[in-house]
Amino acid sequence: MRGQTEETGRYMERESEITERLYEDHQISLDGLRTLLTTDHQECIDRLFAYAQKTAQSIYGNRVYIRGLIEFTNYCKNNCYYCGIRCENKHAERYRLTEEEILSCCETGYGLGFRTFVLQGGEDACFTDERICALVSAIRTRYPDCAITLSIGEKSKESYQAYFDAGADRYLLRHETADETHYRTLHPPELSLANRKRCLYDLKEIGYQTGCGFMVGSPHQTVETLYEDLTLIGELCPQMVGIGPFIPQKDTPFGRMPAGTLDQTLRLLAIIRLLHPPVLLPATTALGTIHPKGREKGILAGANVVMPNLSPVNVRKKYALYDNKICTGDEAAECRACLNRRMEDIGYRIVTDRGDYAG
């Protein structure tokens, strides 16, 4: 018994050293990552979250930034194995918002205090570069004090430049995995990790505030592939990192695979915060989907952004990247009021602000 106690004590001391190094030096090894993701010592887990929260508060205080999400098309030419709007999903009910509908979403959001609009959609050929640029320009003209974020997939550098010149500030493009073999298990052959990385580096070079990210618990993910994700994030130095649990969508090849967990997602949020202190880090809708207090727990683990939905209520269920997404029936004002209460209950406050990167 004494030997077991001493061994446990040494292990907990090592866990503490890993967490302290992560907090002070913003570094972690593969073995360190494995330790923090697998430990069942609650004291270590609580320390990880406390350091992440302290780090986020040292930069952003108790402010939580809101992004108004506008899901404007669920058409997509790609066939990613995990995604509910993949082109081969014949059960998806397709839609496209008009420019007038998108601008109406922005008007509603602006009145509710949103100062960032996120235009998200599949890779839809109907929305040509010309149309995207016209849309961005219209939003920029009407709302010059707002940030405009695009999340519309892989494009040429010329296209990214055109959107930037039209007034886009930020671009979100999850890399999903930085491991070549893992990437091939998640995507069809016509998509490549090399091109996804090319896109991210093009966006950074142009001058976007750039976001990458990955699903936690995606099929065939390992600690080793997660370490590659963290390595890519360290090399890219993005202003935003979006991670959330993998949640299966029933009409995809991964429809019967197990979902990612709240626990692993929270630990990775904390680790990313400590590796990259100024990063803009969302507590995602997917996190709120797998646990009623998921977004609150995400904020308490180091996140500082939430992304309520401004899309028209009649299309929200159709943008089904995964099953059982929350808030599909709530009006924008209801979502904003609900999030206000949720954040206030844990000692944070949603602010009317663009919420730019503080690095």
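A residue is called buried when its relative accessible area is under 20%, exposed when that area is over 50%, and partly exposed in between, with a 1.4 Å probe and protein chains only. The model is predicted, so that local features need pLDDT of at least 70 and side-chain atom pairs count only at pLDDT 80 or more, while totals for chains, interfaces and linings use all residues. Residues are numbered from 1 along each chain as its sequence is written, and side-chain values use heavy atoms, with hydrogens and water left out.

**Exercise 1. Determine which parts of the chain are tied together by the salt bridge between lysine 325 and glutamate 71.**

Step 1. A salt bridge requires a side-chain nitrogen of Lys or Arg within 4 Å of a carboxyl oxygen of Asp or Glu, and the side chains of lysine 325 and glutamate 71 meet in one at 3.1 Å, N to O.

Step 2. Helices (H or I, at least four residues) and strands (E, at least two) are DSSP runs, numbered from the N terminus. Because lysine 325 lies in the loop between helix H13 (313–316) and helix H14 (332–345), whereas glutamate 71 belongs to strand S2, the pair ties together parts that are 254 residues apart in sequence.

Step 3. Glutamate 71 is buried, with a relative accessible area of 3%, and lysine 325 is also buried, at 15%.

**Exercise 2. Find which residues are joined with arginine 170 into one network of salt bridges.**

Step 1. Arginine 170 forms a salt bridge with aspartate 356, whose closest N and O atoms are 2.7 Å apart. Since arginine 170 lies in strand S5 and aspartate 356 in the segment after strand S9 (349–351), this pair ties together parts that are 186 residues apart in sequence.

Step 2. Arginine 170 counts as buried at 0% relative accessibility, whereas aspartate 356, at 29%, counts as partly exposed.

Step 3. Through shared partners, salt bridges join Arg140, Asp169, Arg170, Arg354 and Asp356 into one network. Within this group, aspartate 169 and arginine 140 meet at 2.6 Å, N to O.

**Exercise 3. Describe the surroundings of glutamate 176, stating whether it is buried or exposed.**

Step 1. Glutamate 176 lies in the loop between strand S5 (170–172) and helix H7 (180–186).

Step 2. Glutamate 176 is buried yet has no salt bridge, the nearest side chain of opposite charge being that of arginine 174, 4.6 Å away. For charge, Lys and Arg count as positive and Asp and Glu as negative, while His and the chain ends are not counted.

Step 3. The side chain of glutamate 176 does reach the backbone nitrogen of methionine 215, at 3.5 Å. Contact means heavy atoms within 4.5 Å, and, leaving aside neighbours within four places in sequence, the contacts of glutamate 176 include Tyr82, His187 and Asp229.

**Exercise 4. Classify the aromatic pair of phenylalanine 72 and phenylalanine 127.**

Step 1. Rings of Phe, Tyr and Trp (its six-membered ring) pair if their centres lie within 6.5 Å; planes under 30 degrees apart count as stacked, over 60 as edge-to-face and the rest as tilted. By this rule the count comes to 9 aromatic pairs.

Step 2. For phenylalanine 72 and phenylalanine 127 the centres are 4.8 Å apart and the planes stand at 85°, and the pair is edge-to-face.

Step 3. Phenylalanine 72 is in strand S2 (residues 68–73) and phenylalanine 127 in the loop between strand S3 (116–121) and helix H5 (129–142), 55 residues apart. Both phenylalanine 72 and phenylalanine 127 are buried.

Definitions and conventions:
A polar contact is a pair of N or O atoms within 3.5 Å; within protein, one must be able to donate a hydrogen and the other to accept it, and residues adjacent in sequence count only if both atoms are side-chain atoms.
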